[in-house]
Amino acid sequence: MASASRATPETLPAWQTLKHHAETLKRIHLKNLFGNEPGRFSRFTHRGAGLTLDLSKQRWDDDTLEHLLALAFEAKVPEAIEALMSGKRVNTSENRPALHTALRLPPSAELHVEGEEVVGAVHESLAQMQVLVERLHAGQWRGATGKPIQHVVNLGVGGSDLGPLMVTHALADYRPRNIHPVEVHFASTMDGSQLADYLARFNPEVTLFVLSSKSFTTIDTLSNAETAREWLLSRLAGHASAPVSKALIERQHFIGVSACPEKMSEWGIAPEHQLRFWEWVGGRYSMWGTIGLPIALVVGMTHFRALLQGAHAMDRHFAEAPLEQNLPTLLALAGIWNVNFLDIRAHSILPYDGRLEYFAAYLEQLEMESNGKSVTRQGQAVNYSTCPVLWGQLGPNAQHAFYQLLHQGTQPVVCDFIAPLTRYDEVEERDTRRHLKAQHRLTLANCFAQSRVLMLGDDAIDDDGPRPEHKRYRGNQPSTTLLLDKLTPETLGALVALYEHKVYVQAVIWDINPFDQWGVELGKQIATQTQRLLEGEGELDRVDASTRGLIEAFQAAEREAEAPSRDV
């Protein structure tokens, strides 16, 4: 990223220019911007890596973009892009690179980072993962009693859960044929509710667990793992036909994915069933490597590698395209304009494709954990807004939920509409394909119509009659539309990489570090202390009155539950 001596963003000349420029643009309605610029769509629409990015419905004009590009140059965005891609230590608080882009480099590439060539090691880890995937797909991975594995449960949280969950759902159509059926499931909640449901339904003889944790100390994941191990031991160790040892159960029913092999070994995971990744891969950026094992199990290694290729195509575009044509940079600048100059601090992600059901949740972590910061890289408190509040849902469902607020509420919200241009070409039965394609056209009609109404308000309706106030749509709500040529492993990879790089550019301009998450750590520490208090250890009078009252309420409920019942 930029040098430590760089001026804070609000002191940059372009920032000051944009503040004055915004006062003019705030008074201009989007419908007038379109009326004054017949070529606006072409001017603000760009393509790359199978994606079309339409920024014409943003509340900006040519001058705005010129000033924003000047801000990007003053903030040294081009130098920051080069630093990221070349493996410099852009994670300043932890003094290490952020090399998730290296995970999707092709085998023929070379990248030397501080004297070490990293591409070879990346592809060695992928080759090891492929061996495990192919064993499971061939039905050759057998549980402790000799039966082939049928269920794989991924135990992870945050980046070890959200990325793989999102992609496996999005690419479920790409499951390989003619393989041994293996169903992939996800359990992340520390309360055990997700896991308990699986344990009630699955046969332990054919169930395998993947422990995904970069540090291998994440309490959420390890508590689920201990429950899973106890379940297997209680059900299999005394198996009537073939009792088995704890060591064999751990060997045949667990895979570990972590940057800490010694901790995996201590837990009991066999070395040959350990998949590694590196400290220079942030958790929320880790699905491109071995944390992506569940993805590969669902779609196969060929399609997993295609996902990497799509992300790499966006990486190349990000590194090579000039800023004025650079999709991640333009998307980032639109966000900077909305947050810092139009004072729009809510951002909704609205996919119009059911396969992208978990995409909004994935972006919530990517953006808010990365850029939810209030301190510069030099340790100074910021006096400007950084990451907006991100939220979203499938667009067709959200239309019947929170679109009322988007259209007539008092809170301004910028929206990202995301949809594939084509779908259902692969359906063989002609009448079914015709009906499904009609549904896809209906979905796109809703997607395009909603962004149009958000922009134009009442003017989107061919009706000159007066409208009562409660039926008024004022419009002027900015939005972005992202179109995928088709939802494939390649275009999904490019889409995710687009947002990753957008987050990075915004962090560069805001002068914050997007690759740490110290705000998560204190809550973990206090939770550990609080757990001891719940168990009756420690002094309750040392905590605040609210926490003390809540703990006492729990302890009273626990005593009542454990008391012997009395006949009345």
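Student: Which strands does helix 17 lie across?

Tutor: Helix 17, residues 430-456, lies across strand 12 and strand 13, and its direction runs at about 155 degrees to that of strand 12. Helices (H or I, at least four residues) and strands (E, at least two) are DSSP runs numbered from the N terminus. Axes are lines fitted to C-alpha atoms, for helices over the stretch in contact, and angles run from 0 to 180 degrees between N-to-C directions. Contact means heavy atoms within 4.5 Å.

Student: What should I know about the model and the numbering?

Tutor: This is a predicted model, in which local features need pLDDT of at least 70 and side-chain atom pairs count only at pLDDT 80 or more, while totals for chains, interfaces and linings use all residues. Residues are numbered from 1 along each chain as its sequence is written, and side-chain values use heavy atoms, with hydrogens and water left out.

Student: Back to helix 17: what does S451 touch?

Tutor: S451 is found in helix 17 and touches K57, F417, S479 and T481, residues up to four places away in sequence not being counted. S451 has a relative accessible area of 1% and is therefore buried; buried means under 20% relative accessible area, exposed over 50% and partly exposed in between (1.4 Å probe, protein chains only).

Student: T481 again, then. Which residue stands opposite T481 in strand 13?

Tutor: That residue is D54. Strand 2 (residues 51-54) and strand 13 (residues 479-486) pair in the antiparallel sense over 4 bridges; two strands pair if DSSP finds at least two bridges between them.

Student: And what is the strand order of the open sheet?

Tutor: The open sheet has 6 strands in the order 1-2-13-12-10-11, with mixed pairing. Strand 1 (45-48) and strand 11 (389-392) stand at the edges with a single partner strand each, so one side of each has no neighbour in the sheet. On average, neighbouring strands of this sheet are turned by 20 degrees against each other, direction ignored.

Student: Which strands does helix 13 touch?

Tutor: Helix 13 (residues 327-341) packs on the sheet and touches strand 1, strand 2, strand 12 (414-422) and strand 13. The direction of helix 13 makes about 140 degrees with that of strand 1.

Student: New topic: how many aromatic pairs are there?

Tutor: The count comes to 16 aromatic pairs. Rings of Phe, Tyr and Trp (its six-membered ring) pair if their centres lie within 6.5 Å; planes under 30 degrees apart count as stacked, over 60 as edge-to-face and the rest as tilted.

Student: Why is the pair of F209 and W231 edge-to-face?

Tutor: The planes of F209 and W231 stand at 90 degrees, with the ring centres 6.1 Å apart, so the pair is edge-to-face. F209 lies in strand 7 (residues 207-212) and W231 in helix 9 (residues 219-236), 22 residues apart. Both F209 and W231 are buried.

Student: Which residues of the largest nonpolar core touch the most other members?

Tutor: Those are F359, L492 and Y499, in a core of 125 residues. A nonpolar core is a set of buried Ala, Val, Leu, Ile, Met, Phe, Trp, Tyr and Cys residues joined through side-chain atoms within 4.5 Å. Helix 18 (residues 489-510) contributes the largest share of this core, 14 residues.

Student: What does Y499 touch?

Tutor: Not counting residues up to four places away in sequence, the contacts of Y499 include F359, D416, I418 and L482.
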